[in-house]
Amino acid sequence: MVNKMGLIFTLVGVISLALATLGSPYPKAKQEDGVHTKCTQPGMFSLTFDDGPLPGRTEAVLDVLKEANVTATFFVCGQTYSDLHSVEGQATVRRIIAEGHQIGIHTWSHPYLADPWRSVEEVTNEVKSVADKLLEITGNRIPIMRPPYGAYNDSVLDIVRGELGLEVIMWNVNTLDWSHPGDTAAAIENYKIETSGSHPSVDSFIALHHDPLPGSSELAVEAIRFMISAGYRFVTVGECIGL
Ligand SMILES: [Zn+2]
């Protein structure tokens with residue numbers, strides 16, 4: 001069941017993200033619309049992981065973070081690879097929190113929220129259902145959200161930020177790990193391209209990874225090594241954006 005769901009989800013994700021990429025270039029700096037694409041202070045780096053939890057793979061990433069003694073942020077879904085109703089999914093969320101990382105909302109079923117036919121109710125439910133479930137699991141209101149495929153419009157912002165009061169988080173380092181799962185070298189090459197010419201005295205970064213993908217923990221090892229050697233300080237997204 002997990003494998004079948006994972007396969008369907010991956011195919012839908014790859015096609016939709018490809019369309020999203022063609023439609024709008026990824027932002028490289030903080031947006032005038034208030035969406036966060038980098039940190040508020042230079043020298044900060046936020047490692048972020050989308051689409052989990054997937055207990056086995058997410059746990060492997062958590063092991064890497066613990067070994068390296070760095071913090072990260074996980075934008076979780078309600079039901080994609082795993083299920084926030086499941087004992088395993090909830091245990092993984094609790095471990096993320098217990099080990100000092102941050103949880104963010106990534107919608108219940110990973111829809112493309114910027115589709116013009118999405119109703120206000122649908123977008124609201126996709127976000128609020130995860131917020132409510134995470135409140136039940138963690139005891140805390142989650143303040144940050146990332147839209148699937150990085151796709152949003154004014155209506156989505158009105159709902160997510162205006163109605164639900166969440167900060168919307170994008171990225172400025174795109175590993176494109178979804179397009180070459182398991183190819184660590186290709187993802188690190190994207191790190192080099194996106195951070196080229198940068199310096200921690202003036203720059204900050206938020207990097208996009210996907211913990212359910214094959215090779216996600218191996219990529220995390222190399223990404224951590226790369227950003228530490230570049231002189232950046234690892235922070236959760238909350239600290240990154242000054243919450
Ligand atoms: Zn996603």
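In strand 2, Thr73 is the bridge partner of Thr48, and this pairing is a convenient way into the predicted model described here. The protein chain has 243 residues, of which buried residues make up 41%, and its secondary structure comes to 8 helices and 8 strands. Among the contacts in the protein chain with a separation of 6 or more, 79% are accounted for by residues 24 or more positions apart.

**Strand 1 and its surroundings**

- Strand 1, which covers residues 44-50, is mostly covered, since 7 of its 7 residues are buried.
- Met44, Ser46, Thr48 and Asp50 point one way from strand 1, while Phe45, Leu47 and Phe49 point the other way, and all of these residues are buried.

**Strand pairing around strand 1**

- Strand 1 and strand 2 (residues 73-76) run parallel and are joined by 3 bridges, with Thr48 and Thr73 as one pair of bridge partners.
- Strand 7 (residues 205-210) pairs with strand 1 in the parallel sense over 6 bridges, and within this pairing His209 of strand 7 stands opposite Phe49.
- Strand 8 (residues 233-234) also runs parallel to strand 1, to which 2 bridges join it, and here Phe234 of strand 8 stands opposite Phe45.

**The unit from strand 1 to strand 2**

- Strand 1, helix 2 (residues 55-68) and strand 2 together make a β-α-β unit, and this unit is right-handed.
- The loop between strand 1 and helix 2 contains Pro53, and the peptide bond leading from Gly52 to Pro53 is cis, with omega near 0 degrees.
- On the other side of the helix, the loop between helix 2 and strand 2 is the place of Asn69, a residue that has a positive phi of about 60 degrees although it is not a glycine.

**Two positive phi values in contrasting environments**

- Asn69 has 9 other C-beta atoms within 10 Å, and because a residue with 12 or fewer such neighbours is classed as exposed, Asn69 is exposed.
- Thr107, which lies in the loop between strand 3 (102-105) and helix 4 (120-138), likewise is a residue other than glycine with a positive phi, in this case near 85 degrees.
- Thr107 has 26 C-beta neighbours inside 10 Å, and because the cut-off for a buried residue is 20 or more, Thr107 counts as buried.

**Packing of helix 2 on helix 3**

- Helix 2 packs with helix 3 (residues 87-98) at an angle of about 15 degrees, and the axes of the two helices are 10 Å apart.
- Because angles under 35 degrees count as roughly parallel, that angle makes helix 2 roughly parallel to helix 3.
- The crossing of helix 2 and helix 3 is left-handed, and the contact is made on the helix 2 side by Pro55, Thr58, Glu59 and Leu62, and on the helix 3 side by Glu88, Gly89, Thr92, Arg95 and Ile96.

Technical notes
Residues numbered from 1 in each chain as written. Predicted model: local features only at pLDDT ≥ 70, side-chain atom pairs only at ≥ 80, totals over all residues. Helix = DSSP H or I, 4+ residues; strand = E, 2+ residues; numbered from the N terminus. Pairing = 2+ DSSP bridges. Right-handed = clockwise from strand over helix to strand, strands pointing away. Axes fitted to C-alpha atoms, helices over the stretch in contact; angles between N-to-C directions. Parallel < 35°, antiparallel > 145°, perpendicular 65-115°, else oblique. Left-handed = near helix turned anticlockwise from the far one by under 90°. Contact = placed C-beta atoms within 7 Å.
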